[in-house]
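Work through the exercises below with the structure in view. Each task is followed by its solution.

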Amino acid sequence: MRGVIAVGILESLWKPKVIENFVVHSICFNGQKMIVKLKGTSELEIEKNNIDFYIKERNTKQKLFFKVTQELSEENLYEAIVDFTGNNDLLLENSVLDAYIRVKTNNNSKKFRIKSLHVDSMPQLLIDNRDASVVIIPYSTKNGNLSFKIEKPSVVSKVETVHLNENGILSLKGYAYYPTWDASKQNNITLTLHLRNENGDFEKSFQVQNIKRNDLGGKFTWSGYEVNINLVDLDFELIEGNEINIEIELRNNTLEKNNENFIETSTIQMLDDSISDQSIIIKDTHENEKEVSIKIRNKTKSVFLILNDNNLQIEVDTIFVDIGSITINAVLLSNHPLFQSVDGDYTLVMKKRFLNVIYEFPIHIDNSRFTFKANLNEMLGKGVLKEGIWDLYVNVENKHYRIASRMDNIQNKQKIISFPQQLVKGINSNAIVVKPYYTMHNCVSLLIRNYTYSKSINRININDTRMEIHGKINIMVPNDEIPNQVNGSIFINGRYGKSYDFPAIWKLRKTNKTNVEFEFSVTATFPEDKMTKMKDWVLDNITFESIICNLDFGEIQSRFPLNIRPEKIDKSFEDKLNNVPKIKRLMGKGKLTFYRIINKILPVQENTYVFQSYYGNSYACNPKAIYEELLLKHKKIKAVWVMKDLRKDIPGKPILVKPNSIKYFFYMAIAKYFVNNGNFPDFYVKRNGTIHVETWHGTPLKRLGLDVDPNSTAYAENTSKELLNRIKRWDYLIAPNHYTAEILERAYNYNKKTLEIGYPRNDIFYREGKEMKIIDIKKQLNIDPDKKVILYAPTWREEDRKGSKKSSPFELRFDLDQFKERFGDKYVLLLRLHYFDAARIHLLGYENLVYNVTHYDDIQELYLISDILITDYSSVMFDYANLKRPMIFFTYDLLKYATKMRGFYFDFKEEAPGPLVLNDIELYEAIENIDEVQKEYSEKLKKFQERFCNLDDGYASKRAIEMIFENGERR
C-alpha cells in the first residue's frame, strides 16, 4: 500500500505541466469598442458562456468584465468585444489596465493573464472621456503579458523601412497620425519631415509629397508617407558628431483656418526591430567623403542620424592623464588627395560648447601624427580655460575637424572608459576639477567644473554670536582625503555696498549616497566688537544675493556660492519645532483644526486685509502697489502680509505672518479682504461677506486653463478641479488690458467682476520722483551710477531640471569674459533667473559686473533702473514695454522651442518688439548697435505698447481702491 502511495506521489510530482494560457491573436477597433481575438491553448473543458475577458486597473484594482464568445471557424479562437462607453472612471490619464481571462469550471473559476507577442505597434483607440480625450494603447509587459496604457493623445509616427544609398539619399517609408484629427479628406493633413540637432541650432525641413491615407477605424485615419532626403550637401562641420533627430510634423489645415492648435510633431520610431544600426560613406559634389550613421535607440526605437566628415579624420591613439597635465596622441587619416601630406604647423582648437569661445594651441604634425600636452595648471591658473564643456578640434586649412576615436570600432566608449579627474589650482588658487571624456559618439571633450557645488540647505540658525548652516554639498572626485573638519569663511555681500567675511569652521561627512555628496554644518563666528549689531545685519542681508563660501584645503581654496531661502532660517520657537518631522506633522493637523474652528465661530473683522505675493516669497507686484496706495490714502486698516521672511522691511508696520504658522491660520480665518497675485491654498474656505481680489501676475503669452490644447500634457494641470475651485473664490479680477481680461475670463470660466484698469504694479513707471528711486536702487545694489544697466530675464526651461542638469551648474549661452571685454566699461549685467537656475549659477570673478538679482523682491524696480532688457519668451516684455526702452529677444533655442510657440496666444515672431537673436554673436551686435535697434523696432514697440499697456498711466492702484474697497464701504 505504501508503495502505491509513493508511486502516486511521484507521478503527481513528475506529471508534465499542462500549459494553460490565452494569447492575443488580433486587436482591432470599431468606434468606442475594441475587438480582442485570443488563441486559447488551455486544456480546460470550457462550457459556453463560462468564459469572461476582464481588465483590472493596476492601482485601484477596479475591474470591467466582458463576455467571450468562441469562434466556430477555428478551434480555440475566442473573441471579446470591449465597450468602454460609460466606463470613463476607469480611463484616467496615466493609469494602466491589465488584461485577464476568467474561466468557470465545475463550480470553480481560474484566471489567466493574457499573453501578447507583437502588440506594441498597434494603433491607439481614441476614447472621448469627459472634457478631454484619452487613448488606449496596447503593449506587452516585460513578462510578455497584455496591458493597456491610458494616455493623452499624441502623434504616432512609425518607420517601416529605412534605406540609405551610396549617393546619400535617405529613403523613409512609414505612417503617422494624430488620434483626434480626421485625415480622410483630401489635403486635410500635410506632413513635413525635419532634421534637428539636440542643441537646437540646426534644422533642415523636407515637405512630404507622397502621402497615402488609410482608415484605421474609429475617429482617425493615418497618413502613409514615403520621402527621400538628400544628405550630400548638408554642412557636416556644423553638426558633426551630434545626434540629428528625425521628426514628423503633422499640420491640420482645417484647424489652421480656425486659429486652433493645428501642428503636432513627434520623433519617428521603428515599427519593429528588423533594422539595426548602419553606416555608409557618401561623397558630396566636391568629392569629399562623409559618413552617415543610422542609429536606433534601444528603449524608444526612435531613429536618429550621426553625420561625420570623413574627408579628414583626427583619430586618437592614446590619452594619458598625469598630475597637472593631459597628453593626447593622435593621427590624421585621409584618402582625399588634398590631405595626402599635411605635415607642418597647425593648431589644436578648444571650443566651448554652445558658445563662440575658441582657444587655439600650436601643434606640429609629423608623418601625419602629433602630440599635444595640455598644462592644466597654466591654462586654468591664467584663466585661459574656465568652467564648462570644451570640444576638441584640429584646424586644417581653416576648417575644424573633430578629434575622435572611431577606427577601433568600439562603441559607447563613454560607458566603458573613464579617465581620472584631476584637481587643479585655478584663478586665485580656486579648486577646479578637469577630466577628458568621450562623448556619446566617441569624440573627445574636456569637462571643467568647480570643485564644490551647493546641493541643498536644511536649516539656518542665527544668534547673537554666530550663524550656523546645515545642508548638503557635492565635492567632486578626488575627495577621499577630505578631512572631517575644515577651516574656511563665509562672505556676505549686503545692501549699499557693505559686506563681511566671517571666519568659519566646516564639519563634513560623506553620505555615501553618491561618490560626491557630503553633509555639512558650518559655523561662522561674528567679530566680538560687532556682535550686538551683526545678528540683525546678517538677517537683513543674508538672502539679498548669493553668499560665497570658502573651504581652505591648504594650497587650494574651494569657493562656491550658496543661495539662502528665507524659509530655511529658524526665527521662532515654531520654526524649531518644524525641524522635527513628527512634530511638524502633528502641528499641521492641529493648526488646520484650529483654522476650521476659528473660521466658524469668530466674526469676520471688517478692517483686516490679508496680502500675499508670489506665495509669500516677496513683497512685490500688484498687492504691494495696492497696499502702498492704501497707505497713501491713510486708510485705517489692519494689514497682514503673508511672508516667508518675517524680517522683511515693509512700510506701514503691517503684521507679518509666516505661511502655515498659527498666526497665519488665525488671520486667514477672520480677515475681510484678501489680495493676492496667485491663489491661496486649498484649505482656505471663503466665508460669506469676505472679498477676494485677484490681481494675477502678468499678461499671458502662453495658453492658460481651458485654452490649453486638451491633447497637451499640460491640460490636466491647467484645468484641474482644485484650480477651478480656487478661481471660484475670486470676487474681483484686475486686468492690465482687454486682451488679458478676455483670456482669463474664458480660460478659467470666470464670470464675476473684471476690472480693466491697468496694472497697479506698473504705476511706478509713471510716478513723479522715479529718478530718485533709480538712484536709491542702484545704491542698494552697489552699482556704479555712471554705468548703464542690462537686465537679463529669461523664461524657465523645464528641461533644465531633468536628469544630470538639475545638479550641474547653470550655464549662460553667452560668455561673460567676452561680455566684460566688450561692454564692461559701459554696462553692468543683472541676472533675473528662475530660483532653480539661480542656485546653480557660478559668478565668481565677475563682481561689480554681474549681479544675481533673482531674489530681489520687486522686478518692477529692476525694470526701472535697466536701460536694456534681454529676454526670450518670458512675459516680462509686457511690463517693460511701458518704459519704451529697447528689448532684445535672445532666442538661442528658437528652432527647438518652435512647437511650444504654437501654444502662444499670438504670433510672437511677428509681433515681438525687438530683434530675435539666435546666438551670442548676434546678441553682442544688437547691444553694440542698440540705438539703431531701437529706431528699427520703434513702430513695433509702439503697436505693442498700444495693445498691451494702453491702460497703464500711474493711477491703476487708485482706481482699484476706488472700485473695490471704497465701493465696498458704501455698500
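**Exercise 1.** Which side chain does the side chain of Asn563 join in a polar contact?

The model is predicted, with local features needing pLDDT of at least 70 and side-chain atom pairs pLDDT 80 or more, while totals for chains, interfaces and linings use all residues. Residues are numbered from 1 along each chain as its sequence is written, and side-chain values use heavy atoms, without hydrogens and water.

Step 1. Find Asn563 in the loop between β39 (557–562) and β40 (569–570); strands are DSSP runs of E, at least two residues, numbered from the N terminus.

Step 2. The partner is Ser546, at 3.1 Å. A polar contact is a pair of N or O atoms within 3.5 Å, where within protein one must be able to donate a hydrogen and the other to accept it, and residues adjacent in sequence count only if both atoms are side-chain atoms.

**Exercise 2.** Is Asn563 buried or exposed?

Step 1. Buried means under 20% relative accessible area, exposed over 50%, partly exposed in between (1.4 Å probe, protein chains only).

Step 2. Asn563 has a relative accessible area of 12%, so Asn563 is buried.

**Exercise 3.** Which strands stand at the edges of the open sheet of β50-β49-β48-β51-β52-β53?

Step 1. This sheet has six strands with parallel pairing; two strands pair if DSSP finds at least two bridges between them.

Step 2. The edges are β50 (850–852) and β53 (916–917), because each has a single partner strand.

Step 3. Inspect one pair: three bridges join β51 (residues 868–871) to β52 (residues 887–890), and Ile870 has Ile888 as its bridge partner in β52.

Definitions and conventions
Helix = DSSP H or I, 4+ residues; strand = E, 2+ residues; numbered from the N terminus.
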